[in-house]
Amino acid sequence: METKQNTNEVEEKETLGGFLATLMLYIGIALIIRFFVFNITSVEGTSMIPSLQDGDRLITNKIVLFLREPRHGEIVVVKAPNGSGSDYIKRIIGLPGDHIKIVDGQVYRNDEMLMEHYTSSDNTQTEYQNEWVVEEDSVFVLGDNRLPGGSNDSRLFGTIPMDDVRGVSMFRIWPLDHFGTL
């Protein structure tokens, strides 16, 4: 009788140990995916209107930045330069070496006017500076909401270090009626 009871206890311990090992493996995989592969990003505010709305949920790909540099026109999540610990969602307008200029409400990159179908206004305003050269290992980002006060972006704080680009937003998952690629 004691042998059967001891055998059952051993089997229960092995089953529990196997379950805990499997659970830890799944938690480890989930954490690796969360911190190194992709993240779900929530849009807060109106700086990306009309492309993105307050409350939209996006899949942000983090691993792509280990495989290649960001590209012009991509929507990215960047570390806010004000030290608040929050993130901003913006569009890449300039990459290292690009010369960005805003003249009469139009954005130029390397002396070519950008055709920006995604903006809220044909009149991009800037209050202080209207010309930038993007430094090495940096990006120049703008929100799509170009109305006065519509977006805190590189017009106000300058370029963003490439290390502060957290990921490329590639897919909207919410709301369902706007589900799809960006």
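Visitor: Which residue in β4 does V76 stand opposite?
Guide: V76 stands opposite K90 in β4, and I should say at the outset that we are looking at a predicted model.

Visitor: How do β3 and β4 pair, and over how many bridges?
Guide: Strand β3, residues 75-79, and strand β4, residues 87-94, pair in the antiparallel sense, with 5 bridges between them.

Visitor: And what is the bridge partner of V76 in β11?
Guide: In β11 the bridge partner of V76 is V168, so V76 has a partner in β4, namely K90, as well as one in β11, namely V168. Strand β11 covers residues 165-174, and 4 bridges join β3 to β11, the two strands running antiparallel.

Visitor: Is β3 mostly covered or mostly open?
Guide: Mostly covered, since 4 of the 5 residues in β3 are buried.

Visitor: OK, zooming out: how many helices and strands are in the chain?
Guide: The protein chain has 3 helices and 12 strands.

Visitor: What radius of gyration does the chain have, and what would a compact globule of 182 residues have?
Guide: The protein chain has a radius of gyration of 23 Å, whereas a compact globule of 182 residues would have one near 16 Å. Along its principal axes, the C-alpha trace spans about 90 × 35 × 25 Å.

Visitor: What share of the residues is buried?
Guide: Buried residues make up 37% of the 182 residues in the protein chain. The accessible surface comes to about 11,200 Å², and 56% of that surface belongs to carbon and sulfur atoms.

Visitor: Which residues form the nonpolar patch on the surface?
Guide: The patch is formed by L16, F19, L20, L23, M24, I27 and L31, which together have about 670 Å² of accessible area. One of these residues, L20, is found in helix α1, which covers residues 2-37.

Visitor: Why does L20 count as partly exposed?
Guide: L20 counts as partly exposed because its relative accessibility is 43%, and that class lies between the 20% limit for buried and the 50% limit for exposed.

Visitor: What about V37, what does it touch?
Guide: V37 also lies in helix α1 and, leaving aside residues up to four places away in sequence, V37 touches I32, T60, N61, K62 and I63. The C-alpha atoms of V37 and L65 are 9.8 Å apart in space, although the two residues are 28 apart in sequence. With a relative accessible area of 26%, V37 is partly exposed.

Visitor: Switching to electrostatics, how many salt bridges does the structure hold?
Guide: The structure holds 7 salt bridges. One of them is formed by R166 with D87, whose closest N and O atoms are 2.6 Å apart. This pair links distant parts of the chain, because R166 sits in strand β11 and D87 in strand β4, 79 residues apart.

Visitor: Are R166 and D87 buried or partly exposed?
Guide: R166 counts as partly exposed at 38% relative accessibility, and D87 likewise counts as partly exposed at 38%.

Visitor: Which residue does D144 meet in a salt bridge?
Guide: The side chain of D144 meets that of R91, at 2.8 Å from N to O. D144 lies in the loop between β9 (138-142) and α3 (154-157), while R91 belongs to strand β4, 53 residues apart. D144 counts as buried at 0% relative accessibility, and R91 is buried with a relative accessible area of 8%.

Visitor: And what does E116 pair with?
Guide: The side chains of E116 and R146 meet in a salt bridge, at 2.9 Å from N to O. E116 is in the loop between β7 and β8, and R146 is in the loop between β9 and α3, 30 residues apart. E116 is buried, and so is R146.

Visitor: Last topic: in what order do the 4 strands of the open sheet come?
Guide: The order is β7-β6-β5-β8, and the pairing is antiparallel. At the edges stand β7 (112-113) and β8 (131-133), each with a single partner strand, so one side of each is left without a neighbour in the sheet.

Visitor: How many bridges are there between β5 and β6?
Guide: Strand β5, residues 99-103, and strand β6, residues 106-109, pair in the antiparallel sense over 4 bridges. The bridge partner of K101 in β6 is Y108.

Note on methods. Residues are numbered from 1 along each chain as its sequence is written. This is a predicted model: local features need pLDDT of at least 70, side-chain atom pairs count only at pLDDT 80 or more; totals for chains, interfaces and linings use all residues. Side-chain values use heavy atoms; hydrogens and water are left out. Patches are made of residues with over 30% relative accessible area and no salt bridge: like charges are joined within 9 Å, nonpolar side chains (Val, Leu, Ile, Met, Phe, Trp, Tyr) within 5 Å. Accessible areas come from the Shrake-Rupley method with a 1.4 Å probe; for residues, only the protein chains shown count as cover. A salt bridge is a side-chain nitrogen of Lys or Arg within 4 Å of a carboxyl oxygen of Asp or Glu. Buried means under 20% relative accessible area, exposed over 50%, partly exposed in between (1.4 Å probe, protein chains only). Two strands pair if DSSP finds at least two bridges between them. Contact means heavy atoms within 4.5 Å. The radius of gyration is taken over C-alpha atoms; the globule rule is 2.2 Å times the number of residues to the power 0.38.
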